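Student: I would like to learn how to read an enclosed space and a helix packing in a structure model. Could you take me through both, with the general idea coming before the case?

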Amino acid sequence: MIGFLLRRVVQAIIVILGVSLVVFFLARLVPGGEARAVLQTKASPALIARFDRQNGLDLPLWDQLYHYIKGLVWPIWKPNLGYSYKFNQGVTSIIAQRLPRTLLLVGLSTIISLIIAIPLGIVQVVRRNTVTDYALTGLTFIFYAMPAFLLGTLLIVYFSLDHHVFPVDAPTGSAWEIITDPRAFVLPMVTLCALTIASFSRYMRSSMMDALAQDYIRTARAKGAGSQRVLYGHALRNALIPILTLLGLSLPAIVSGALIVENVFNYPGMGLLTVQAAQNVDIPLVLGTTLVVTIATVIGSLLADILYAVADPRIRFGSA
């Protein structure tokens with residue numbers, strides 16, 4: 001198992017390094033360079049040359065790459081992602097303020113979605129080809145196909161503008177202050193949960209159906225095992241294995257959904273920050289948020305691989 005984990009960690013590091021290089025070269029491909037994006041109408045040749053000299057952009061490309069990689073890896077607890085001239089603050093500091101809020105939104109919504117989606121998928125299997133199965137299938141298809149901004153807008157109109165049950169805007173304090181203000185946190189959470197539940201419950205239903213069609217299920221039934229024991233004792237554990245993989249692979253979709261949800265509800269997380277950076281043509285901040293979200297996605301996939309290996313004893317770690 002140690003060899004398996006080491007291979008997965010090395011693969012994750014290679015992917016993160018590759019993405020870091022892509023981010024570095026994208027910053028150098030911006031038309032007019034970072035200086036023109038920051039200075040805009042004031043970008044005279046003299047000011048551009050001064051800006052490049054102050055930020056090391058006049059150095060040879062490989063020297064810039066060396067300082068960029070060095071800033072990312074040391075100090076490891078506070079990497080240097082550049083400086084945002086629009087916020088007049090380091091990119092690392094800005095992300096450190098916003099990232100916990102997005103982690104709170106994505107983390108809680110994912111946990112709640114799994115708690116609801118897994119039993120929902122089981123109910124659909126137990127009552128398959130009945131009115132309950134058809135109704136739940138139709139409902140999940142609706143939410144699966146519905147854009148996040150549309151669902152969020154409908155919730156705001158109904159619960160905030162028409163009935164004044166919840167505030168329109170999400171809380172703007174720290175992650176802890178957001179938890180202590182649950183009313184303002186409900187609508188963003190419900191929006192993201194509804195979309196995630198629809199996806200996970202469909203996969204859970206399919207996974208359970210596949211598990212129940214396996215030979216070991218027929219063997220268990222032939223030995224006299226009851227339906228409850230077959231369902232929960234034999235089929236459920238094996239049906240959960242693909243869900244673990246799906247969880248890691250779905251992380252980019254969940255994060256992108258959070259980006260839209262944060263903008264709909266003005267939630268001060270990484271999604272809203274990314275859009276603000278793009279609107280302000282804040283190149284270091286856009287690339288910094290892109291890199292952080294990519295790293296989070298790679299880590300999520302790595303954790304999914306590890307959980308998959310732990311949950312499935314049939315995996316031979318020496319050849320995985």
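Student: Which helices each supply at least two residues of the lining of the largest cavity?

Tutor: A lining residue is one that has an atom within 4 Å of a point of the cavity. In this predicted model, helix H2 (33–39) and helix H13 (283–311) each supply at least two such residues to the largest cavity. The full lining consists of Ala-37, Val-38, Tyr-83, Tyr-85, Lys-86, Val-281, Asp-282, Ile-283 and Pro-284, and by class it has 7 nonpolar, no polar and 2 charged residues.

Student: How many cavities of 30 Å³ or more are there, and what volume does the largest cavity have?

Tutor: The count comes to 1 cavity of 30 Å³ or more, and the volume of the largest cavity is about 50 Å³.

Student: Now for the helix packing: at what angle do helix H5 and helix H6 pack?

Tutor: Angles over 145 degrees count as roughly antiparallel, and those from 65 to 115 as roughly perpendicular, while angles between these two ranges count as oblique. Helix H5 (residues 91–126) and helix H6 (residues 131–145) pack at an angle of about 140°, their axes lying 8 Å apart, and H5 is therefore oblique to H6.

Student: Which residues make the contact, and what is the hand of the crossing?

Tutor: The crossing of H5 past H6 is left-handed. From H5, the contact is made by Leu-120, Val-123 and Gln-124, and from H6 by Thr-132, Asp-133, Leu-136, Thr-137 and Thr-140; by class, this contact has 3 nonpolar, 4 polar and 1 charged residues.

Key
Residues are numbered from 1 along each chain as its sequence is written. This is a predicted model: local features need pLDDT of at least 70, side-chain atom pairs count only at pLDDT 80 or more; totals for chains, interfaces and linings use all residues. Side-chain values use heavy atoms; hydrogens and water are left out. On a 1 Å grid over the protein atoms alone, a cavity is a set of points where a 1.4 Å probe fits but cannot get out, and a pocket is an open set with protein on both sides within 12 Å along at least five of seven lines; lining residues have an atom within 4 Å of a point. Grid points are joined across faces, edges and corners, and a volume is the space filled by probe spheres set on the points. Helices (H or I, at least four residues) and strands (E, at least two) are DSSP runs, numbered from the N terminus. Ala, Val, Leu, Ile, Met, Phe, Trp, Tyr, Cys and Pro count as nonpolar, Asp, Glu, Lys and Arg as charged, and the others, Gly among them, as polar. Axes are lines fitted to C-alpha atoms, for helices over the stretch in contact, and angles run from 0 to 180 degrees between N-to-C directions. Angles under 35 degrees count as roughly parallel, over 145 as roughly antiparallel, 65 to 115 as roughly perpendicular and the rest as oblique. A crossing is left-handed if the near helix is turned anticlockwise from the far one by less than a right angle, and right-handed if clockwise. Contact means heavy atoms within 4.5 Å.
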